[in-house]
Amino acid sequence: MPDGRLLAVSDLHVGVAENRGTLEALRPTGPDDWLIVAGDVAERVRDVEATLGFLAGRFAKVLWTPGNHELWTTTQDQVDLPAPARYRLLVERCRALGVTTPEDPYPTWQGPDGPCAVAPVFTLYDYSWRVPGVTDKQQSLARARDNGVVCTDEYRIDPAPYPGIEDWCRERVAATEQALAAHDPALPLVLAGHWPLDRRPTDILRHPDFAQWCGTDLTADWHRRFNVAAVVYGHLHIPRTTWYDGVRFEEVSLGYPREWRRRGHPRGLLRQILPYPGPPEQPVPAEPPVSAEPPAP
Ligand SMILES: [Fe+2]
Ligand SMILES: [Fe+2]
């Protein structure tokens, strides 16, 4: 059994110059460490590719799943494709680098606290995480707009040929669910996605309207239904450990400089998922709201 660690990070946002400096500091603790990169690496395809290539040169294995920023179409990117085609292109580029994607078989972690299959999952959101009293997507978006909280995804993600991102989400969830159901239930899973699979991590968002861009009710029971050792996610830019129904959820984001300058990196730049580091990683009481992705400019 190799003596490595399964580490995780998300929301590197290397399009921001100050975050590029932290890349150099992302180092394995030994030759057998694996690294999960749970989305929001960058917006431009070439930045995502360069970052994952750099990390693949350092870690024994790198696993990636996209965040919303990888799906944006921006004028600074030479690649001008709608989000589903961008995703397929990124999967191809990852495979050329030897990086595992949500489209690949789940590799088995054989290190301490293993074996565990590590599953990068790509599930998106469907506007089902609405505030109380709001019954559909249109109402939910209108309320958010009135409150000045609109995720930039609304302008930058082109879901074509899907009519809406919620249609793509439903297809992603169904395909992922099928793969998880076909997985050997005796081999525990580490599920790693960008968006939290359970809504509860969003309860502390400063802007409750932002939750509609953070996930889907369709994944709410996955950590109970499947044999899950831990769930890794990002997107909220609120790094912490919480436990739901006896399962450890790890928010592993780096975030923007204004966020990490304020809070620092009290638990290091990379979060150790396995072997389970134990207390003080025990149940964490809810923290006061500190952050969320910024509303659109
Ligand atoms: Fe992010
Ligand atoms: Fe995100």
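A residue is buried if 20 or more other C-beta atoms lie within 10 Å of its own, exposed if 12 or fewer, and partly exposed in between, with C-beta atoms placed from the backbone. Helices (H or I, at least four residues) and strands (E, at least two) are DSSP runs, numbered from the N terminus.

This is a predicted model, in which local features need pLDDT of at least 70 and side-chain atom pairs count only at pLDDT 80 or more, while totals for chains, interfaces and linings use all residues. Residues are numbered from 1 along each chain as its sequence is written, and chains are lettered from A and ligands numbered from 1 in the order in which they are written.

**Exercise 1. Find the two sides of helix α6 (residues 165–182).**

Solution.
- Step 1: check the span. α6 has 18 residues and reaches 26 Å from its first C-alpha to its last. That is close to the 26 Å expected at 1.5 Å a residue. The expected span is 1.5 Å times one less than the number of residues.
- Step 2: list the buried residues. They are I165, W168, C169, R172, V173, T176 and L180.
- Step 3: look at the arc, taken from the directions from the helix axis to the C-beta atoms. The buried residues of α6 cover only 135 degrees around the axis, so they lie on the same side of α6.
- Step 4: recall the rule. An α-helix has 3.6 residues a turn, so residues three or four places apart point the same way.
- Step 5: turn to the other side. A174, Q178, A181 and A182 are exposed there.
- Step 6: name the cover. It includes α3 and α7 (222–225).

**Exercise 2. Do the same for helix α2 (residues 45–56).**

Solution.
- Step 1: α2 has twelve residues and reaches 16 Å from its first C-alpha to its last, close to the 16 Å expected.
- Step 2: D47, V48, T51, L52 and L55 are its buried residues. Their arc is only 120 degrees around the axis, which puts them on the same side of α2.
- Step 3: these buried residues pack against α1 (17–23), β2 (34–37), β3 (61–64) and α3.

**Exercise 3. Decide whether T100 is buried or exposed, and place T100 in the chain.**

Solution.
- Step 1: T100 sits in the loop between α3 (83–97) and β4 (108–109).
- Step 2: count neighbours. T100 has 22 C-beta neighbours inside 10 Å, so T100 is buried.
- Step 3: list contacts (C-beta atoms, placed from the backbone, within 7 Å). Leaving aside neighbours within four places in sequence, T100 touches K61, L63, P107 and P120.

**Exercise 4. Describe how strand β9 (residues 247–251) is held.**

Solution.
- Step 1: four of the five residues of β9 are buried, so β9 is largely enclosed by the rest of the structure.
- Step 2: find the partners. Two strands pair if DSSP finds at least two bridges between them. β7 and β9 run parallel, joined by four bridges. Here V232 stands opposite E250 in β9.
- Step 3: β8 (residues 240–244) pairs with β9 in the antiparallel sense over five bridges. T242 stands opposite F249 in β9.
- Step 4: check the turn. The hairpin of β8 and β9 has two residues between the strands, and D245 takes a positive phi near 55 degrees.

**Exercise 5. Which residues touch the most other members of the largest nonpolar core?**

Solution.
- Step 1: define the core. It is a set of buried Ala, Val, Leu, Ile, Met, Phe, Trp, Tyr and Cys residues joined through C-beta atoms within 7 Å.
- Step 2: of its 75 residues, A8, V37, V118, V190, L191, A192 and V232 touch the most other members.
- Step 3: strand β7 (residues 228–233) gives the largest share, six residues.

Note on methods. Contact = placed C-beta atoms within 7 Å.
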